[in-house]
Amino acid sequence: MVRGEEPLLVQRPSSEHSSIAAEEEEALLTGERTTRNPKYGRAFWREVGLFAWATIATAGIIILAVVYQKQQQTARRHDDTPGPSGKRNLIFMVSDGMGPTSLSLTRSFRQHEHGLPWEDKLVLDGHLIGQSRTRSTSSLVTDSAAGATAFSCGMKSYNGAISVLPDHSPCGTVLEAAKKAGYMTGLVVTTRITDATPACFAAHVNRREEEDRIAEQMVGYHPLGRVVDLMLGAGRCHFLPNGTRGSCRADGKDVVTMAKENGFNYVDSRAGFDGLKLGSAVELPLLGLFADQDIPFEIDRRFEDETYPALDEMAKTATKALAEATRDSDKGFFLMIEGSRIDHAGHANDPAAQVHEVLAYDKAFSSVLEFLEKDSVPGVMVSTSDHETGGLSAAKQLHTTYPDYLWYPGALANASHSSEHLARQYFTHLRSLPQHGAHSPTSDDLRAYLTDLLATGLGVHDATSEEMQILLGHPEISFFTFADIISRRSQTGWSTHGHSAVDVNIYASDARAAKALAGNHENTEVGEFLARWLDVDVGAVTKELREKGVAFDTVGKGGEAESWMGRIAEEGERLDGWDHLDHAEGDFGKMMHRRCSVCGI
Ligand SMILES: *[C@@H]1O[C@H](CO)[C@@H](O)[C@H](O)[C@H]1NC(C)=O
Ligand SMILES: *[C@@H]1O[C@H](CO)[C@@H](O)[C@H](O)[C@H]1NC(C)=O
Ligand SMILES: [Zn+2]
C-alpha cells in the first residue's frame, strides 16, 4: 500500500501510542499489509524491544523445551536399546505351547523325582521378566504362525500366516534384516524346520501348510537369496523328492540337492551331528535334518540317544558355530532356538511328555546362559512362548464329590514313555498280528499285551475295565487314551486339544538389557525389541521383498499367475499344524488324523 492511500475501513489516529499491535490488527481487519511509519518514536522502539525480547525469550523456552524433550526421548530410546553400540549377539528362544502351568507342573515334577526341597526352582524361574499377550488378527486364540509372525516381523497377522500380513503382502523379518546387516543367522528346532515358528523367520507364505514351498525358500530360493546360515532340526521329509523313502513332498524336487547347490553342507544323522563336535567343526552354511518329521519327545528320545541329538546339544552346537564364524567380524549373530514339542505334548494332552519337554528346554536355556556368560561378545537372550497349548491345569476333578487339593507328580515320574510312543507301539503290534485264521489274536491276548504296555510304558497297574475297553475297541484313538490315563492318575487337567488364549511368560538372560519387555506386553513388542536390539531395519526388508518378490511369482498349470507366497486360504479352510500327520508316517499318520472323526475333537 502506497503511503497516503488510507485504509478504507478504519482510520487509526497517528499518535505516539500507535503500536505494532494496532497496525497488525488493522492489517487483519483490512486484509492489507501494514506499512511502517518512517518516523518511529521511543515508545515504538521500546515496544519493538519488548517484542523482540519476548520473541527471543519464547524461542529460547521453545528451544529449551525441544532440547529437553529430545534428551528425554534419547534417554527413553536408550532404555529401550540397551544393546551395546558395537558387535553383539542375540539369541531368541521360543517355548512353543508353554504356558504358566507348564512351569508349575515341571517344577513340582522335578522336585518329586529328585527329592528336592519345595523351594527348588527351574533355571527359567530365576529369569522371569514379564508376560506376553498373544491374540492374532483373526482370533483371540492364536496359532504358532501368527504368533511367530509377531516375533519375526513385529506385526500381528492371521492364524496360518507365515510372515505375511492380513493383506497377504510379505513383512520383512528380524532374521532377514540381521542377515542383510551382516550378522550370521541360525535356527534350531526339534520339529520340522519348515514348521510355523522357524518358517516365520526365513520364509513368506500365505498358508502354513505350504511346507514344501517353505523348504525351498529356506535353502535360498527366496527373493533375498539365502538368509539362514545354520539350520538344525528335523522335517527331512519336505526336502526329499516324492517317491523316495521318507519323503512327504508333493513334487519331485530334491531340496537337499538344491541346498547343496546353494552352498549348504548337509548332515542327516547322529553320526553327522557328532562330526560337528558341538560346533567346533562346523562349516557354514549348514543344514542338519535328523528325522523325517519330529525329533522324538525327550521322554522317548533319552532312550534313542544314538539316533537323535537333544535340543541342548543342538543349541550348544549352534551358539558355538555362530560365535566361531563371527569371531573376526564386526557383526555378531542372531539365533532362534525353539523347544518345538512342548506344544505337541499339549496337543496330545500328555503331561508326562510335557514335563520332560520343559526340562529339556530349561537345560538348553541354561546352556545359552552359560554361553553368554563366557563369550566375550556382548549378548542377550530373550525367551517366550507363542501361546499356551492344551489349557493345562495343575489339578483335575475326577468325581462329583468335592475334590481334595492335590495332584500327583509321582504318576508322571512312573511313566517312561509318551502316549505317542505307546500308541505307535500298539499300532505296530496290531499290524504284526495275523488278522484271520487259527492264530488271530483273542481279546485276552490283546488285553495281556496292553496290560504289559501300560505297566512298562506308563507305570500304570490299575487300568479300569472301561479304559481297557476303549483301548481294545478304539486303537485309532489310543494316542489320546494313553494320555488320558496318565492325566487321570496324575490328576492334571486339560481343557482343549488345541491352543488357549492365556498370557505367556517372558524370560531374559539379563533383565536390565531386556528392560523394555518387563511387565505385560503385546507379542509384537517382543518382535520390536529383537529388531531394535540388533539395530536392524525390518521395514527396509519389507520394501525389498515387495519389489523383488514379483520376479518370483510363477505361472500355474492353468496359465494363471501364482504368487511366490502360494495360495491364499479360502474362507473356512482349516489351518491346522497337525494336518501334516495325515500325509506322513503312513498308517500311523492316518490313524492320528482319524482321531477327529472318532473322538469328536
Ligand atoms: C511326483 O511329483 C511330480 C511332479 O513333480 C508328479 O508329476 C508326480 O505325479 C508325483 N509322483 C507321485 C508318486 O506323487
Ligand atoms: C508309581 O509307581 C509305584 C510303583 O508301582 C506305585 O506304588 C505308585 O503308587 C505310583 N505312583 C502313582 C502316583 O501312581
Ligand atoms: Zn500348536
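Among contacts in the protein between residues at least 6 apart in sequence, what percentage join residues at least 24 apart? The figure is 73%, and I would like to keep it in mind while we walk through this structure, which is a predicted model.

Let me start with the overall picture. The protein has 601 residues, of which 52% count as buried, and its secondary structure comes to 22 helices and 14 strands. The area that the protein exposes is about 27300 Å², with carbon and sulfur atoms supplying 53% of it.

Now to the annotated positions. The UniProt record, an unreviewed entry, lists Ser144 under "active site", and under "binding site" the same kind of record, again an unreviewed entry, covers Asp96, Asp195, Thr197 and Glu338. These four binding-site residues are spread over 243 residues of sequence, and yet they cluster in space, with a largest C-alpha distance of 11.3 Å.

Where does Ser144 sit, and what is it in contact with once its neighbours within four places in sequence are left aside? Ser144 belongs to helix H4, which covers residues 144-152, and its contacts are Asp96, Ala196, Thr197, Arg208, Asp386, His387 and His499. Ser144 counts as buried because its relative accessible area is 3%, which is under the 20% cut-off.

Asp96, one of the residues in contact with Ser144, lies in the loop between strand E1, residues 89-95, and helix H3, residues 100-114. With a relative accessible area of 1%, Asp96 is also buried. Not counting residues up to four places away in sequence, Asp96 touches, among others, Ser144, Thr197, Glu338, Asp386 and His387, and its list also includes Gly339, Ser340, Ile342 and Asp343.

Glu338, for its part, is found in strand E7, residues 333-339, and is buried with a relative accessible area of 0%. The side chains of Glu338 and Thr197 are joined by a polar contact of 2.8 Å. Beyond residues up to four places away in sequence, Glu338 touches Asp96 and Thr197, and its other partners include Val94, Val188, Val189, Thr190, Thr191, Pro198 and Leu311.

Let me turn to the two ligands. Which residues surround ligand 1? They are Asn242, Ala250, Asp251 and Gly252, and by class this shell has one nonpolar, two polar and one charged residues. A polar side-chain atom of Asn242 lies 2.4 Å from an oxygen atom of ligand 1, while polar backbone atoms of Gly252 and Ala250 are found 3.0 Å and 3.5 Å, respectively, from an oxygen atom of the ligand. Taken alone, ligand 1 exposes 360 Å², and the protein buries 28% of that.

Ligand 2 is surrounded by Gly410, Ala411, Asn414 and His461. Taken alone, ligand 2 exposes 360 Å², of which the protein buries 40%. The shell around ligand 2 has one nonpolar, three polar and no charged residues.

I will finish with some details of the backbone. Most residues other than glycine have a negative phi, and most peptide bonds are trans. Against that background, which residues deserve a look in the viewer?

One is Asn349, whose phi is near 60°, a positive value in a residue other than glycine. Asn349 is found in the loop between helix H12, residues 342-348, and helix H13, residues 351-374, and at a relative accessible area of 11% Asn349 is buried. A polar atom of the Asn349 side chain lies 2.8 Å from the backbone oxygen of Gly346. Leaving aside neighbours within four places in sequence, Asn349 is in contact with Gly390, Ala483, Ser487, Trp494, Thr496 and His497.

Another is Leu278, which is not a glycine but has a positive phi of about 50°. Leu278 is found in the loop between H9 and E6 and, at 42% relative accessibility, counts as partly exposed.

Finally, the peptide bond from Leu284 to Pro285 is cis, with omega near -5°. Pro285 lies in the loop between helix H9, residues 270-274, and strand E6, residues 286-289.

Key: Residues are numbered from 1 along each chain as its sequence is written. Chains are lettered from A and ligands numbered from 1 in the order in which they are written. This is a predicted model: local features need pLDDT of at least 70, side-chain atom pairs count only at pLDDT 80 or more; totals for chains, interfaces and linings use all residues. Side-chain values use heavy atoms; hydrogens and water are left out. A residue is near a molecule or strand if one of its heavy atoms lies within 4 Å of it. A polar contact is a pair of N or O atoms within 3.5 Å; within protein, one must be able to donate a hydrogen and the other to accept it, and residues adjacent in sequence count only if both atoms are side-chain atoms. Accessible areas come from the Shrake-Rupley method with a 1.4 Å probe; for residues, only the protein chains shown count as cover. Ala, Val, Leu, Ile, Met, Phe, Trp, Tyr, Cys and Pro count as nonpolar, Asp, Glu, Lys and Arg as charged, and the others, Gly among them, as polar. UniProt positions are given in the numbering used here, feature names are shortened, and annotations may be inferred rather than shown by experiment. Helices (H or I, at least four residues) and strands (E, at least two) are DSSP runs, numbered from the N terminus. Buried means under 20% relative accessible area, exposed over 50%, partly exposed in between (1.4 Å probe, protein chains only). Contact means heavy atoms within 4.5 Å.
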